[in-house]
Amino acid sequence: MMHDYKPIRIAVILLLLLTGSKTVFGQTDSVTVNNDKTLVLTSKALGEKRTIWIHLPADYNTTATTYPVLYLLDGDSHFKYVSEAVEYLSDYDRNRMPQMIVVAILNVDRTRDFTPLHSLIFDGKVDTTRMGKTGGGAKFLQFIKNELVPYVDNNYRVEPYRILLSHSLGGLFALYAKETAPDLFQANIMMSPAIYGDYTKILTDFAPFLQNHPQLRGKNFISIGNENTQKVDSLTLVLKSRANPLFTWKFEQYPEENHFSVTYKSVYDGLRFIYSHWFIDYYSQVKMSITDINTHFGKLSDEFGYTISPSENLLNNCGYQQLNLKNMEEAIGIFKENVQRHPTSSNAYDSLGEAYMKNGNKALAIKNYKRSIELNPGNTGGKEILKQLESK
């Protein structure tokens with residue numbers, strides 16, 4: 001069966017408009033509850049407790065699906081809108097990326113954690129007031145690699161694909177992490193990375209790093225606002241000259257944004273870049289078969305390095321679009337695949353039964369509606385259709 005959309009309660013809205021400032025109470029749909037969790041880890045590498053915020057997909061607790069993970073630096077600043085962007089882009093109507101777990105690391109001392117060297121230079125001068133807090137990048141990376149990632153891998157259903165999202169000084173750490181632990185993150189979104197002073201060593205080390213890793217795979221999105229692009233230009237120049245075809249990247253400048261406002265657009269565009277081949281248009285007027293769908297997801301599996309399969313909802317939507325286009329063979333093929341992949345889904349059998357019914361195959365329609373009702377005795381719509389089919 002198709003997804004049901006709940007209509008806007010127009011009467012309540014009109015009444016609110018007509019009554020002005022008076023409060024009117026009516027039955028409304030509940031506000032969606034975010035599936036967010038707080039975690040506190042005691043880090044041996046850092047010698048302190050670290051707070052982690054985790055955002056899970058809305059259906060995490062009702063499915064057995066596994067998910068890629070987005071790790072977010074400066075988590076206390078970016079967690080909310082990044083989680084919302086992931087939800088928005090992965091919604092089944094938009095389908096621009098997979099659903100994803102977001103793991104946000106809250107700051108204790110970002111200057112210490114994000115700097116791999118013990119120095120802090122501004123305008124060519126050593127800032128002695130803050131220099132004592134620098135150079136903790138190695139320990140922070142140990143915390144992420146040896147404590148946080150294993151915890152997430154062991155306690156959540158994850159796929160072996162991780163994205164690191166960073167801003168400003170966090171971008172410097174992201175570059176250091178790629179050079180030091182190249183396989184830890186498969187993709188990076190670096191928003192206005194702050195590379196200055198002695199930290200340019202991390203940048204100059206990047207060219208020999210790429211040269212020494214000719215088979216390195218990855219996706220890298222780099223952005224900057226209306227600010228000095230000298231260091232980012234140096235980085236993109238290295239990528240142009242040294243990155244192999246499997247280490248893909250994109251640079252985007254936003255002239256209308258500054259160092260702090262550049263993040264919002266960068267998150268959206270960065271995720272779209274990483275998943276630029278993800279989209280499959282199940283509202284298209286083009287004939288689409290289950291072979292076409294499986295070929296698409298086979299290419300995605302090769303691209304991202306793990307098996308990616310179409311979801312139940314996606315197959316259901318593709319099947320109904322072909323059914324609406326009267327491509328009966330294609331529709332039935334897609335619905336049959338959905339039943340094979342999700343044999344305990346009442347909805348998958350219901351949809352296949354509908355396709356057989358519309359194709360004139362009464363026996364198979366009855367068979368699949370019966371199975372749907374066995375799996376979900378509350379399928380009143382299926383019961384009514386089954387009653388009509390058996391009475392003919």
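Phe206 and Phe209 both lie in helix H7 (residues 206–212), three residues apart, which corresponds to about one turn of the helix. The model in which they are found is a predicted one. The ring centres of Phe206 and Phe209 are 5.7 Å apart and the ring planes stand at 20 degrees; planes under 30 degrees apart count as stacked, so this pair is stacked. Phe206 has a relative accessibility of 3% and therefore counts as buried. Phe209, at 6% relative accessibility, also counts as buried.

The chain as a whole contains 15 helices and 10 strands. Of its 392 residues, 49% count as buried. The chain exposes about 19900 Å², of which carbon and sulfur atoms supply 52%. Among contacts between residues at least 6 apart in sequence, 70% join residues that are at least 24 apart.

The count of aromatic pairs comes to 20. One of them is formed by Tyr71 and Phe185, with 5.8 Å from centre to centre and 70 degrees between the planes, an edge-to-face arrangement. Tyr71 belongs to strand E3 (residues 67–72), whereas Phe185 is in the loop between helix H5 (169–180) and strand E8 (187–191); the pair therefore ties together parts that are 114 residues apart in sequence. Tyr71 and Phe185 are both buried. Elsewhere, one aromatic cluster is made up of Tyr161, Tyr275, Trp278, Phe297, Phe304 and Tyr306.

Aromatic rings also meet charged groups. The charged end of Arg94 sits over the ring of Tyr88, at 3.8 Å from the ring centre. The side chain of Arg94 also meets that of Asp91 in a salt bridge, with an N to O distance of 3.5 Å. Arg94 has a relative accessible area of 29% and is partly exposed. Its partner Asp91 is likewise partly exposed, with a relative accessible area of 27%.

A second arginine, Arg371, has its charged end over the ring of Tyr349, 5.9 Å from the ring centre. Arg371 also forms a salt bridge with Glu374, in which the closest N and O atoms are 3.1 Å apart. Glu374 and Arg371 are three residues apart in helix H14 (residues 362–375), so about one helical turn separates them. Glu374 counts as exposed because its relative accessibility is 56%, a value over the 50% cut-off. Arg371, at 31% relative accessibility, counts as partly exposed. In another part of the chain, salt bridges that share partners join Glu48, Arg50, Arg112 and Asp113 into one network.

The structure holds 15 salt bridges. Side chains of opposite charge can pair when their charged atoms come close. Glu354 and Lys358 provide a further case, their side chains meeting at 3.0 Å, N to O. Both residues are in helix H13 (residues 346–358), where they are four residues apart and thus separated by about one helical turn. Glu354 has a relative accessible area of 15% and is buried, since buried means under 20%.

Contacts of the N-terminal residue were also examined. Met1 lies in the segment before helix H1 (10–18) and, at 33% relative accessibility, counts as partly exposed. In sequence, Met1 and Tyr320 are 319 residues apart, yet their C-alpha atoms are 8.6 Å apart in space. With residues up to four places away in sequence not counted, Met1 touches Asn316, Tyr320, Asn347, Asp350, Ser351 and Asn379. Among these, Asn347 and Asp350 fall in the residue range 346–358, that of helix H13.

Asn35 is placed in the loop between H1 and strand E1 (36–43). This residue is buried, with a relative accessible area of 17%. The side chain of Asn35 reaches the backbone oxygen of Pro57 at a distance of 3.3 Å. Apart from neighbours within four places in sequence, Asn35 is in contact with Ile54, His55, Leu56, Pro57, Ala58, Tyr60 and Asn61. Pro57 thus appears both among the contacts of Asn35 and as the residue whose backbone oxygen is reached by the Asn35 side chain, because contact means heavy atoms within 4.5 Å.

Conventions. Residues are numbered from 1 along each chain as its sequence is written. This is a predicted model: local features need pLDDT of at least 70, side-chain atom pairs count only at pLDDT 80 or more; totals for chains, interfaces and linings use all residues. Side-chain values use heavy atoms; hydrogens and water are left out. Helices (H or I, at least four residues) and strands (E, at least two) are DSSP runs, numbered from the N terminus. Buried means under 20% relative accessible area, exposed over 50%, partly exposed in between (1.4 Å probe, protein chains only). Accessible areas come from the Shrake-Rupley method with a 1.4 Å probe; for residues, only the protein chains shown count as cover. Rings of Phe, Tyr and Trp (its six-membered ring) pair if their centres lie within 6.5 Å; planes under 30 degrees apart count as stacked, over 60 as edge-to-face and the rest as tilted. A charge sits over a ring if NZ of Lys or CZ of Arg is within 6 Å of the ring centre and within 35 degrees of the ring normal. A salt bridge is a side-chain nitrogen of Lys or Arg within 4 Å of a carboxyl oxygen of Asp or Glu. A polar contact is a pair of N or O atoms within 3.5 Å; within protein, one must be able to donate a hydrogen and the other to accept it, and residues adjacent in sequence count only if both atoms are side-chain atoms.
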